[in-house]
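Thanks for coming, everyone. I would like to walk through one protein today, with attention to how its parts sit against each other.

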Amino acid sequence: MSELAKYQMYIGGEWVDPVGGEWFDSFNPYTGQPWARMPRGGEADVDRAVTAADDAFSGGDWPALSPSQRGALLRRLGDLIAENAQSLAEIEVRDNGKLIAEMAAQLSYVPQWYYYFGGLADKIEGAVIPIDKPETFNYTRHEPLGVVAAISPWNSPLLLATWKLAPALAAGNTVVLKPSEFTSASTLEFVKLFEQAGFPPGVVNIITGFGHEAGAALVSHPKVAKVAFTGGEMTGQKVYQAAAVGLKPVTLELGGKSPNIVFDDTAMENAVKGVISGIFAATGQTCIAGSRLLVQNSIHNEFVDRLVDFAATARMGDPQSMDTQVGPVTTLPQMEKILGYIDIAKDEGAECVLGGHRAQRPECGEGWFVEPTVFTGVRNDMRIAREEVFGPVLSVIPFDDEEDAIAIANDNPYGLAAGVWTQSIKRAIEVSNRLQAGTVWVNTYRAVSYLSPFGGYKRSGLGRESGKQAIMDYLQTKSVWISTSDEVPNPFILR
Ligand code: NDP
């Protein structure tokens, strides 16, 4: 058996072994076999990385760069990502099981975040305040926070790390990034491009390891100034609590149970494709999965029949093949969790009209595959309708009219995204306005851009990533007062 690739962590511009001298296996979900070994970072490694990031923030080449020069570095990085998109995509597919077709497209789009925030770096302007005091000049500056702890999940490691790295660096911070223990390889390959682009040592550092060890130590490190986290709601709560101890600002991008609402005036063929893309693309392992399909009663049976016919044709198999449409689940525990939810739905009385078990097709081999699964007869109070499954499992819930649809859609603790399928522009606007979700798609689904803010309502998170306002989450505002008077007035009176 050939030796597994053994990775190191990237700290202060150097490739280093973990202080504890331990590694763990990273698995290829298509084969179910380990393919690489990842360093098990701990508290001492985190301290080393945060110290390197803090040193790089407070002295040396990074703070000496002008915002325009920082922007130029980010744009150079974007070019390097574009040049290396294919090889990065292949690593992500091996480690994560995402489809090569999706990853190649995603990685050729990722540079846009670095171009956009690179362009924004020198457009963060303070203001001269027309202050109400005589002989006084007052202006504001937006300054970086310091060391940013960035924590990414396993489902889209490079894209979601980018949503943090691009604005954090454009604002002048330094970063310690911890990817998920399940998918660290692509991030460790990716960071080589920062070095090639010319980022000074210590500006970006990568710690790998387990969430409860390396992740927890990173969030609570006293020299971390801000935490940017994407992951599950329960972990998000722990991170929020730990960050509260140091009063660190946080951005939290958490889970969802997004409604995809199909009205009876929809163009049915398009809506079927939109619902499929919402739940079966990326094997349903996306925070924005449209996992609750709300269908108007008048078209319920016809719509479900068409949907099931389409979903039943989805080609499963090797994610490295351009023809594959549904790949494996990324981790073994996640596959077990999904199968557990399928059992829960059956016990709750939902009717399984497609799939409902682990995929045993020859083209799936020993991989961690779950059949695209559709449940009808779901009530919105069932667990399968309330909790995030994070897999290819769709719950179909009928509704009568617009009021009913909105009430069901909003009756959930999450509020990340929603879809609306209708030919009526009036209905599209009115329903979108009333949905409690950070993103609403009308007659489309699963569209994101560096230009448009992304984030959750309710328990789906705090703050926004992407779009102009995202950079402000990585800055703090200073108000500077200058007296032009020749005298200091009565010192015992507030001026
Ligand atoms: P987790 O919450 O399990 O983990 C997210 C990250 O947090 C991982 O890097 C994990 O490390 C780390 N972590 C775990 N425990 C701690 C801790 N105590 N302190 C600090 N860090 C910790 O999420 P998953 O990786 O399972 O990702 C899936 C979840 O992410 C889903 O719920 C999904 O909805 C959400 N998500 C949200 C998105 C959004 O933008 N709203 C986008 C994509 C996903 P380790 O893996 O090593 O445990």
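**Two domains and the contact between them**

Between domain 1 and domain 2 there are zero salt bridges, and please keep in mind throughout that this is a predicted model. What the two domains do have between them is nine residue pairs in polar contact, with both residues of each pair at pLDDT 80 or more.

Let me say where these domains run. The domain assignment gives domain 1 as 5-254 + 460-479, and domain 2 as 259-442. Their C-alpha centres lie 31 Å apart, and the contact takes 24 residues from domain 1 and 30 residues from domain 2.

As for area, the size of an interface is often given as the accessible area lost when the parts come together. Here domain 1 and domain 2 bury about 2,100 Å² between them, with 63% of that on carbon and sulfur atoms. Which three residues supply more than any others of the area that domain 1 buries against domain 2? They are Tyr-30, Trp-154 and Ser-460, which supply 31% of that area.

Turning to the elements on the domain 1 side, those that give two or more residues to the surface touching domain 2 are helix H4, residues 85-96, and helix H5, residues 100-109. The largest share, five residues, comes from H4. By residue type, the domain 1 side divides into 10 nonpolar, seven polar and seven charged residues.

Now to the protein as a whole, which has 16 helices and 23 strands. Its C-alpha trace spans about 80 × 60 × 40 Å along the principal axes. With 495 residues, a compact globule would have a radius of gyration near 23 Å, and the 24 Å of this protein agrees with that.

Finally, back to salt bridges. Although the count between the two domains is zero, the structure holds 21 salt bridges. One that I would like you to look at joins Asp-25 to Arg-37, with the closest N and O atoms 2.8 Å apart. Because Asp-25 lies in strand S4, residues 23-28, and Arg-37 in strand S5, residues 33-39, the pair ties together parts that are 12 residues apart in sequence.

Technical notes. Residues numbered from 1 in each chain as written. Predicted model: local features only at pLDDT ≥ 70, side-chain atom pairs only at ≥ 80, totals over all residues. Heavy atoms only, no water. Domains from an automatic or database assignment. Contact = heavy atoms within 4.5 Å. Buried area = accessible area lost by both parts, 1.4 Å probe. Salt bridge = Lys/Arg side-chain N within 4 Å of Asp/Glu carboxyl O. Polar contact = N/O pair within 3.5 Å; in protein donor to acceptor, adjacent residues only side chain to side chain. Helix = DSSP H or I, 4+ residues; strand = E, 2+ residues; numbered from the N terminus. Nonpolar A, V, L, I, M, F, W, Y, C, P; charged D, E, K, R; others polar. Rg over C-alpha atoms; globule rule 2.2 N^0.38 Å.
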